[in-house]
Amino acid sequence: MGTSHQRTNVAGPSGINLDAIAKLLADLIALPTVNPMGRPYDNAVPVERPIIEYLEQRFARYDVQLERQPCSPIHESLLITVPGKTAGPGTLIEAHVDTVPADDWPERAFQPRREGTKLYGRGACDDKGSLAAIVAALQAILESGAQPQQTIWFLAAGDEEYGQSGIRHFVERHPSRIGRAIFGEPTDCVPVIQHKGTIRWDITVHGRSAHTSQPDLGSNAIVGAARLIDFLLRYQEDLRRRYTGTLVSGPSLTVTMINGGRTRNIVPDECTMAIDFRILPEMDGRQAVNELFAAINSLELPITHSDFQCFAPALNTPPSDLLVQRALDLYRETVGQTIQPAAVPYGSDAGWVPAGVPAIVLGPGNIAQAHAVNEFVDLNQVQQCAAIYQRLLTHDWSS
Ligand SMILES: [Zn+2]
């Protein structure tokens, strides 16, 4: 808890109070919304429900539309719409409600703890810091009584950490044109305009069983898998020579899990490996996969590919876009430093916005603290981002 002699209850640049933000964020952390990440889930309500109910209560007194959006059997999002003065493309602002599990941090992960201006807890940085900053910004706008020029869609999204079904559901069914999109994720308040795309699936190498006393009668799937892994490493080097994006590190092909063989005395007839393929913003995912599959075929190994577990596009917004320029100006005015837009290696929901819609990722906290034991966020950054969001959301983009 903050000590009384620290002056932490000062209002931020737009009147958003630090202690109020701390209280809001602590409330959000204390409501666990852990994504099972593909593991069994036996709770009767969707993962995100505790926070969605909390937000519904918080926004009930304002003139906004609240809509729960189920996006998978166990996930849901909440869409809060603030109508603008004018028709035309509105602004999407998103933070995700789900967190990764805290199995490695069983004690106190969901008991928020404040030390000075740091707040600790699962989700403090990823992504409840951004969620709190957006809620504070939106409440400040609604309390001011001034209607924004363009409509605001605030998506408190479900399932970002595993299937991205919240943002995909929203984009597929949303009837209005989205003019621009802001995704709250830990970037130290710096606008991120490029990130990699993520493609994940399994490759199974097939063989033929035989007694290990006469292995030549069989065909060893694990030996085939070893050839394939070696090939993938060389293919990755080739990709890195072909694609040398200036802002993000190179494309990558990582074998993340492997499973093969039945007993110690049978030549293995099957070996399955999980592949994580990260593509650069300038690469087309479908084309990159087709080229890779064709190259693998040249090995003439008996293999099959599973369906894609994940096919998340990259983010590629031009630095000259108005949204990017405005975010840079607001960073300078709020934080007091001049910066350049950034690129990051990790993916986000921002890859899912329709082609041509400018999108940035911008939020409090640092990715180094995300998914980690002792996850924290600096409350000053949450306050700064709330001020930046407030001014982005009330900017007149038609002028
Ligand atoms: Zn996140």
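This section describes the overall dimensions of a predicted protein model, followed by selected local features of its chain.

The protein contains eight helices and 17 strands. Its C-alpha trace spans about 80 × 45 × 40 Å along the principal axes. The radius of gyration is 23 Å, which agrees with the value near 21 Å that a compact globule of 399 residues would have. Of these 399 residues, 54% count as buried. The accessible surface comes to about 17700 Å², and carbon and sulfur atoms account for 49% of that area. Among contacts between residues at least 6 apart in sequence, 79% join residues that are at least 24 apart. With respect to charge, the protein carries 33 positive and 44 negative side chains. The centres of these two sets lie 2 Å apart.

Strand pairing is illustrated by β1 and β2, which comprise residues 65-72 and residues 75-82, respectively. The two strands run in the antiparallel sense and are paired over seven bridges. Two residues form the connection of the hairpin that joins β1 to β2. Within this pairing, Pro 70 stands opposite Glu 76 of β2.

The loop between β3 (90-96) and β4 (113-115) holds Val 100. Arg 108 is also placed in the loop between β3 and β4. The relative accessible area of Val 100 is 10%, under the 20% limit, and this residue is therefore buried. For Arg 108 the corresponding value is 45%; because this lies between the limits of 20% and 50%, Arg 108 is classed as partly exposed. The backbone of Arg 108 has a phi near 70 degrees, a positive value in a residue other than glycine.

Leaving out residues up to four places away in sequence, Val 100 touches Val 34, Met 37, Arg 122, Glu 161 and His 371. The C-alpha atoms of Val 100 and Val 324 are separated by 29 Å, and the two residues are 224 positions apart along the chain.

Met 37, one of the residues touched by Val 100, is situated in the loop between α1 (18-29) and α2 (49-59). With a relative accessible area of 27%, Met 37 is partly exposed. Its phi is near 55 degrees, again a positive value in a residue other than glycine.

A further backbone feature is found at Asp 126 and Asp 127, which are joined by a cis peptide bond with an omega of about 15 degrees. Asp 127 belongs to the loop between β5 (118-120) and α3 (128-144).

Leu 247 occupies the loop between α5 (221-242) and β10 (252-260). This residue is partly exposed, and its relative accessible area is 43%. When neighbours within four places in sequence are left aside, Leu 247 is in contact with Gln 194 and Ala 343. The C-alpha atoms of Leu 247 and Pro 40 are separated by 38 Å, with their positions 207 residues apart along the chain taken as the sequence separation.

Technical notes. Residues numbered from 1 in each chain as written. Heavy atoms only, no water. Helix = DSSP H or I, 4+ residues; strand = E, 2+ residues; numbered from the N terminus. Rg over C-alpha atoms; globule rule 2.2 N^0.38 Å. Buried < 20%, exposed > 50% of the residue type's maximum accessible area, 1.4 Å probe, protein only. Contact = heavy atoms within 4.5 Å. Areas by Shrake-Rupley, 256 points an atom, 1.4 Å probe, with all protein chains shown as cover. Lys, Arg positive; Asp, Glu negative; His and termini not counted. Charge placed at Lys NZ, Arg CZ, Asp CG, Glu CD. Pairing = 2+ DSSP bridges.
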